[in-house]
Amino acid sequence: MKLKTIFKSTLLLAVMLTMTFCSAEKKENAYPIEPVPFTSVRLTDNFWAPKIRTNYEVTIPIAIGQCYNTGRVDNFKIAGKLMEGKFRTELPFDDTDIYKLIEAASYSLQTIPDANLEARLDTLIYYVGMAQEPDGYLYTNRTIDSVNTHPWAGNKRWVNDPELSHELYNCGHLYEAAVAHYQATGKKTLLDIAIKNADLLLKDFGWGKLEIYPGHQVVEMGLVKLYNVTGKKEYLDLAKFFLDVRGPSGDEYNQAHQKVVEQTEPVGHAVRATYMYSGMADIAAIYNDTAYHNALMRIWETLVSQKTYITGGIGSGGGNEGFDPPYVLPNMSAYCETCASVGNIFWNQRMFLHDGDGKYYDVLERTLYNAFLSGVSLSGDRFFYPNVLESFGQHQRSAWFGCACCPPNLARLLPSLPGYFYAKTENEIYINLFASGTAAFPFRGADIEIIQKTEYPWNGKVEITLNPENQGRFTIKLRIPGWAQNEVLPGNLYTFNDGLSPEVKLTVNGKVIKTTTHKEYVEISRKWKSGDLITLELPMDVRKVIADSRVKADHGKIAVERGPIVYCAEWPYAPGGNVLNLLFDENAAFTPAFTDTMLNGVNVVKTTAQLASYNLDKELEKGEPQDITLIPYYTWNNKGAGQMAVWLPVSDSSVRPMPAPTIAAKSKVTASIPTKALMAVNDQYEPKSSIDREWPFYHMWPKNNSWEWVQYDFENPEKVSYIKVYWFDDGPFGGCRIPDEWELLYLSGGKWVPVKPTDPYKTSKDAWNELSFAPVTTKSLRLKMKLNERFSTGIHEWVVE
């Protein structure tokens with residue numbers, strides 16, 4: 001079907017939907033800039049189009065299958081009296097996985113029609129409707145058994161939502177799914193369910209009613225979408241109420257520590273934060289609320305200049321799944337939840353629509369190509385929850401999660417991605433992102449077609465053909481990415497450190513155009529006719545990046561990027577698989593090369609590095625330079641688990657040398673709770689504190705209240721008389737503490753025998769726990785630990801002498 005036919009069909013559906021709600025208040029787009037809908041844009045490139053297809057063919061079907069297999073669908077059937085049983089899943093917000101997948105599949109249906117998929121949605125929506133209570137309440141955990149609810153749910157509706165119940169979170173995702181399904185199919189089945197539920201919220205919440213805020217934000221965005229479809233202003237007012245009632249006496253974790261208009265920096269849980277900021281942006285635009293917008297500007301500036309990773313990922317703390325203090329950006333323990341990347345993309349698009357500044361698209365693009373895209377495997381069936389920037393092999397994508405928010409979030413963003421490429425005002429068209437494809441949409445009372453031809457992101461040349469139905473004068477605003485103007489990200493958190501001066505080239509019908517930008521856009525105002533050709537050439541040099549000196553994790557290191565793509569070193573493309581022990585030369589050649597035989601076809605970067613190691617005298621030794629191939633960060637872990645690093649050491653002080661061949665380093669390590677992280681206990685990296693997450697560590701979480709052990713088996717019998725242990729303890733928000741007690745045993749005659757200490761055992765935090773004992777000759781030592789009744793424990797390092 002040709003694009004104009006698709007466009008006309010979409011327009012017809014839109015007219016029908018408008019007629020359906022003819023009694024509702026007429027509503028115009030609230031933002032000064034209007035996004036061109038994804039249904040009007042068809043991507044045909046070799047980068048995004050195959051990923052959107054894989055999302056349709058693989059990700060959405062397996063995610064729906066997982067919802068059946070894990071009991072998420074059964075929860076609705078049980079609540080709806082279609083089958084008997086108890087609540088089947090771990091968490092009371094598991095309902096939302098169904099909603100997000102309905103939303104994802106609805107987006108997909110608009111570009112890839114599929115009668116079977118639409119029928120599957122009809123079935124799911126039937127189950128959802130059956131589970132809804134007569135007054136509109138929809139929360140399967142409470143409906144199934146109102147007496148024995150999940151501990152987070154509370155004994156009454158809504159009252160525990162500011163803490164853990166997630167009832168309003170469920171509502172928000174329901175509304176987003178309902179709107180998407182209605183717009184995709186014209187069916188009101190799910191929309192009617194959502195409206196009935198939202199009307200219950202209008203009855204229960206508001207000033208003088210229940211004056212509580214959502215513990216996990218998203219209902220605000222959902223209510224705005226319901227308002228956009230129905231024109232019912234009460235939904236919009238309720239969204240604003242949920243924001244205005246927030247703070248100042250709540251928790252920083254869910255951004256309730258201050259009134260939203262008084263907040264100045266991103267804090268707490270990163271997903272909740274970005275969902276809230278997205279809702280605030282909607283309200284700021286619709287109500288023209290400068291206090292909201294000013295608060296968002298302050299928060300955004302702080303996030304980009306102090307708390308954003310080079311990949312665009314946000315949220316450095318695993319304990320709160322969110323933000324640490326400024327400049328605390330550890331790599332191996334980076335959280336960078338996939339859902340946070342999705343939320344950040346939502347928020348930055350909304351900020352752009354408010355004032356047309358390309359700096360928001362700089363953040364959006366970097367996040368999209370790196371932190372977001374790493375969340376799903378190339379095959380579309382494995383997922384990351386956190387997206388670390390460094391690994392020694394303990395990280396691997398999973399087929400699913402107990403808390404499965406990330407796969408459905410990925411699945412719903414990808415098919416809607418074409419809607420991020422273009423935007424318009426009455427007399428302007430914004431071209432924001434680059435990929436081969438065709439857009440057709442109404443503009444200035446007629447149709448216009450825009451055709452892009454490019455091999456972006458591997459090649460910087462972009463040819464844009466304009467085909468307006470009528471000749472006329474208007475303005476094309478063409479985004480020139482910040483990285484093409486020598487700016488890594490807005491602010492000074494990261495800077496290029498290679499002395500290059502990139503040059504952007506731009507022509508219209510072969511005539512050179514000056515590339516002076518305003519808000520990162522070149523404005524081309526002229527009389528346009530069909531066939532006019534804009535040719536943009538973006539510089540695609542390999543660039544070297546350094547971090548602000550206050551980011552301690554990146555001292556003495558560089559990151560490598562080319563265009564919007566951040567690169568990493570990974571084990572399959574380094575001799576011996578050793579990546580974390582490599583020392584790079586920032587003055588060496590970093591040469592790009594395209595290969596269609598690796599990772600579905602990518603540009604790699606070839607360079608050299610030296611293997612660093614310690615000798616027994618703790619002296620640093622360096623091997624000969626060896627060839628290393630850097631790959632796009634988003635493609636890592638598609639060849640299995642192993643070492644990976646985004647930030648590459650270029651100084652002796654920042655490299656992690658191979659361990660010296662000590663007794664412990666040469667030992668085979670086993671444990672009562674084996675994990676890949678066991679390799680950390682004898683890697684000779686000394687932590688700064690017990691909570692230090694930048695260094696590798698081994699933990700036994702969630703095990704508690706038991707005796708556990710870690711064991712060294714030596715190559716040959718060794719005479720030993722001293723050990724020291726550094727415990728891992730992740731503090732008040734984590735699940736690990738130092739053990740209640742511990743002891744050391746050695747293998748003698750096939751039996752484990754306690755050593756004879758010369759000093760008492762000590763159990764201390766943030767320090768080495770040393771033990772001297774009568775010398776023994778043995779082939780094995782076993783470290784036994786008594787785990788706390790409520791907490792697990794872990795080990796940073798165990799030294800034997």
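Both D97 and R72 are buried, where buried means under 20% relative accessible area, exposed means over 50%, and partly exposed lies in between (1.4 Å probe, protein chains only). Their side chains meet in a salt bridge, 2.7 Å from N to O. The term stands for a side-chain nitrogen of Lys or Arg within 4 Å of a carboxyl oxygen of Asp or Glu. This pair ties together distant parts of the chain, with D97 in helix α4 and R72 in helix α3 (residues 72-79), 25 residues apart. Helices (H or I, at least four residues) and strands (E, at least two) are DSSP runs, numbered from the N terminus.

A quick word on the model: it is predicted, so local features need pLDDT of at least 70 and side-chain atom pairs count only at pLDDT 80 or more, while totals for chains, interfaces and linings use all residues. Residues are numbered from 1 along each chain as its sequence is written, and side-chain values use heavy atoms, with hydrogens and water left out.

**More salt bridges**

Side chains of opposite charge can pair when their charged atoms come close. A search of the whole structure turns up 36 salt bridges, and here are three of them.

| Pair | Closest N and O atoms |
|---|---|
| D97 and R72 | 2.7 Å |
| E561 and R366 | 2.9 Å |
| R737 and D730 | 3.9 Å |

E561 and R366 are both buried. E561 sits in strand β16 (residues 557-562) and R366 in helix α14 (residues 359-372), 195 residues apart. What about R737 and D730? R737 counts as buried because its relative accessibility is 17%, and D730 counts as buried because its value is 11%. Salt bridges that share partners also join R72, D94, D97 and K100 into one network.

**A covered helix**

How many of the 12 residues of α9 are buried? The count is 11, so the helix is mostly covered. Among the buried ones are V219, M221, L223 and Y227. The cover includes α4 (95-111), α7 (167-185) and α8 (189-204); what counts here is contact, meaning heavy atoms within 4.5 Å. Helix α9 (residues 219-230) should span 16 Å at 1.5 Å a residue, and its end C-alpha atoms are 16 Å apart, which agrees. The expected span is 1.5 Å times one less than the number of residues. Just after α9, G231 takes a positive phi of about 75 degrees.

Helix α8 is also home to L200, which counts as buried because its relative accessibility is 3%. L200 and D135 are 65 residues apart in sequence, yet their C-alpha atoms are 6.7 Å apart in space. Leaving out residues up to four places away in sequence, L200 touches D135, G136, Y137, R157 and W158.

**Two open sheets**

Two strands pair if DSSP finds at least two bridges between them. One open sheet has 5 strands in the order β1-β4-β5-β9-β13, with mixed pairing. Its edge strands, β1 (34-35) and β13 (521-528), each pair on one side only. Strand β1 runs antiparallel to β4 (residues 422-424) over 2 bridges, and E34 stands opposite K424.

Another open sheet has 7 strands in the order β2-β6-β7-β8-β14-β11-β12, and its pairing is antiparallel. Here the edges are β2 (41-43) and β12 (511-512). Strand β11 (residues 505-508) and β12 are joined by 2 bridges, with V508 opposite K511.
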